[in-house]
Amino acid sequence: MPEINNHFIEYRKELGLGPRPWFEEMMEEAAQDRVPIMDEEALQFMIGLLQLKQPDSVLEIGTAIGYSALRMAAALPETSIISVEKDEERYRRAEYYRQNSPWREQAAFILGDALDLKEEFSERGAFDAVFIDASKGQYQQYFQLCEQLLAPGGLVISDNVLFRGLVADPEADIPKRLQPMVKKIRKYNRWLVERKDFHTDIFPVGDGVAISIHLPGK
């Protein structure tokens with residue numbers, strides 16, 4: 001993480017704007033077990049947008065251990081958070097934290113592949129916002145699922161769309177093993193911005209965040 005981001009995180013703590021102490025155990029587990037959780041700068045950016053929108057419901061694809069879902073719940077006390085995770089071990093850790101949190105009634109975690117759960121999601125009604133933070137190679141499929149579940153004027157937020165800065169750097173020396181992933185994300189970003197029924201912009205916070213706003217009637 002760039003040095004300025006470290007200073008930013010510490011400064012936020014000094015101002016009392018950092019994560020609540022309750023989240024420290026989750027952060028330590030994520031660091032120790034190398035569980036990917038959302039970058040603090042990007043998470044605060046996303047939460048700020050959601051606080052402006054005040055959604056009734058948010059769908060998250062990619063729970064991991066529940067960190068971002070519970071952070072959203074803590075910041076949006078009137079919002080229902082539904083999150084889905086297909087890795088059983090991570091789902092169980094997320095459920096442990098949810099059950100022991102102040103937000104256990106506000107958040108719900110589902111074990112399964114989001115692409116197989118359209119009917120279950122539909123029964124919960126339209127979502128005002130969707131956050132995609134799962135397998136990057138399937139982002140377009142997740143988006144196509146989400147747009148069918150999105151309320152008019154809703155947001156779709158995609159994390160990691162700059163992928164270590166490699167996606168935006170035409171001169172980057174990309175390791176061979178990462179080249180297919182970079183190619184897929186570039187294709188996804190291009191697909192997003194060319195859609196006429198969404199307005200999409202990409203922001204260089206964290207690992208890159210794309211905000212796609214549904215344009216009703218387009």
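Okay, let's start at E6 and E7. Strand E7 covers residues 209-214, and 6 bridges join E6 to E7, with the two running antiparallel. If you want one pair to click on, take Ile202, which stands opposite Ala210 in E7. Keep in mind that what we have on screen is a predicted model.

A quick reminder for anyone new to this: strands of a sheet pair through backbone hydrogen bonds, and the pairing can be parallel or antiparallel.

So where do E6 and E7 sit in the whole sheet? There are 7 strands in it, in the order E3-E2-E1-E4-E5-E7-E6. The sheet is open, and its pairing is mixed. Which strands are at the edges? Those are strand E3, residues 107-111, and strand E6, residues 198-203, and each of them pairs on one side only. From one strand to its neighbour the average turn is 15°, if you ignore direction.

Now let's walk into the middle, to E4. E4, residues 127-132, is mostly covered, with 6 of its 6 residues buried. What does E4 pair with? On one hand there is E1: 4 bridges join E1 to E4, and they run parallel. Here Ile61 has Ile132 in E4 as its bridge partner. On the other hand there is E5, which is joined to E4 by 5 bridges and also runs parallel to E4. In that pairing, Ala129 stands opposite Leu155 in E5.

Next, the helices that lie on the sheet. H5 lies across strand E2, residues 80-85, and E3, and H5 runs at about 160° to E3. Then there's helix H8, residues 179-194, which packs on the sheet and touches E4, E5, E6 and E7. The direction of H8 makes about 135° with that of E6.

These helices also have helix partners. To describe two packed helices, you give the angle between their axes and the distance between the axes. Let's do that for H8 first. Helix H7, residues 139-147, packs with H8 at an angle of about 30°, and their axes are 9 Å apart. Angles under 35 degrees count as roughly parallel, so H7 is roughly parallel to H8. Who makes the contact? From H7 it's Tyr139, Gln140, Phe143 and Gln144, and from H8 it's Tyr188, Trp191 and Leu192. Sort the residues of this H7 with H8 contact by class and you get 5 nonpolar, 2 polar and no charged.

Now the other pair, H2 with H5. Helix H2 is residues 24-33 and helix H5 is residues 88-99. Their angle is about 165°, and the axes are 11 Å apart. Anything over 145 counts as roughly antiparallel, so that's the word for H2 and H5. The crossing of H2 past H5 is right-handed. On the H2 side we have Glu25, Met26 and Glu29, and they meet Arg93, Tyr96 and Tyr97 in H5. This contact of H2 with H5 divides into 3 nonpolar, no polar and 3 charged residues.

Let me finish with a few single residues. First up is Ala108, which is in strand E3. Is Ala108 buried, exposed or in between? Its relative accessibility is 23%, so Ala108 counts as partly exposed. Leaving out residues up to four places away in sequence, Ala108 touches Ile81, Ile82, Ser83 and Arg98. And here's a distance for you: Ala108 and Tyr139 are 31 residues apart along the chain, and their C-alpha atoms are separated by 22 Å.

Second, Thr63. You'll find Thr63 in the loop between strand E1, residues 57-61, and helix H4, residues 67-75. Thr63 has a relative accessible area of 3%, so it is buried. Which residues does Thr63 contact, leaving aside neighbours within four places in sequence? They are Ser83, Val84, Glu85, Ala94 and Phe109.

Last, two residues from the loop between E5 and H8. Asn160 is found there, and Arg164 lies there too. Asn160 isn't a glycine, but its phi is positive, near 65°. Arg164 isn't a glycine either, and it has a positive phi of about 65°. Are they buried or exposed? Asn160, with a relative accessible area of 13%, is buried, whereas Arg164, at 56% relative accessibility, counts as exposed.

Key:
Residues numbered from 1 in each chain as written. Predicted model: local features only at pLDDT ≥ 70, side-chain atom pairs only at ≥ 80, totals over all residues. Heavy atoms only, no water. Axes fitted to C-alpha atoms, helices over the stretch in contact; angles between N-to-C directions. Parallel < 35°, antiparallel > 145°, perpendicular 65-115°, else oblique. Left-handed = near helix turned anticlockwise from the far one by under 90°. Contact = heavy atoms within 4.5 Å. Nonpolar A, V, L, I, M, F, W, Y, C, P; charged D, E, K, R; others polar. Pairing = 2+ DSSP bridges. Buried < 20%, exposed > 50% of the residue type's maximum accessible area, 1.4 Å probe, protein only.
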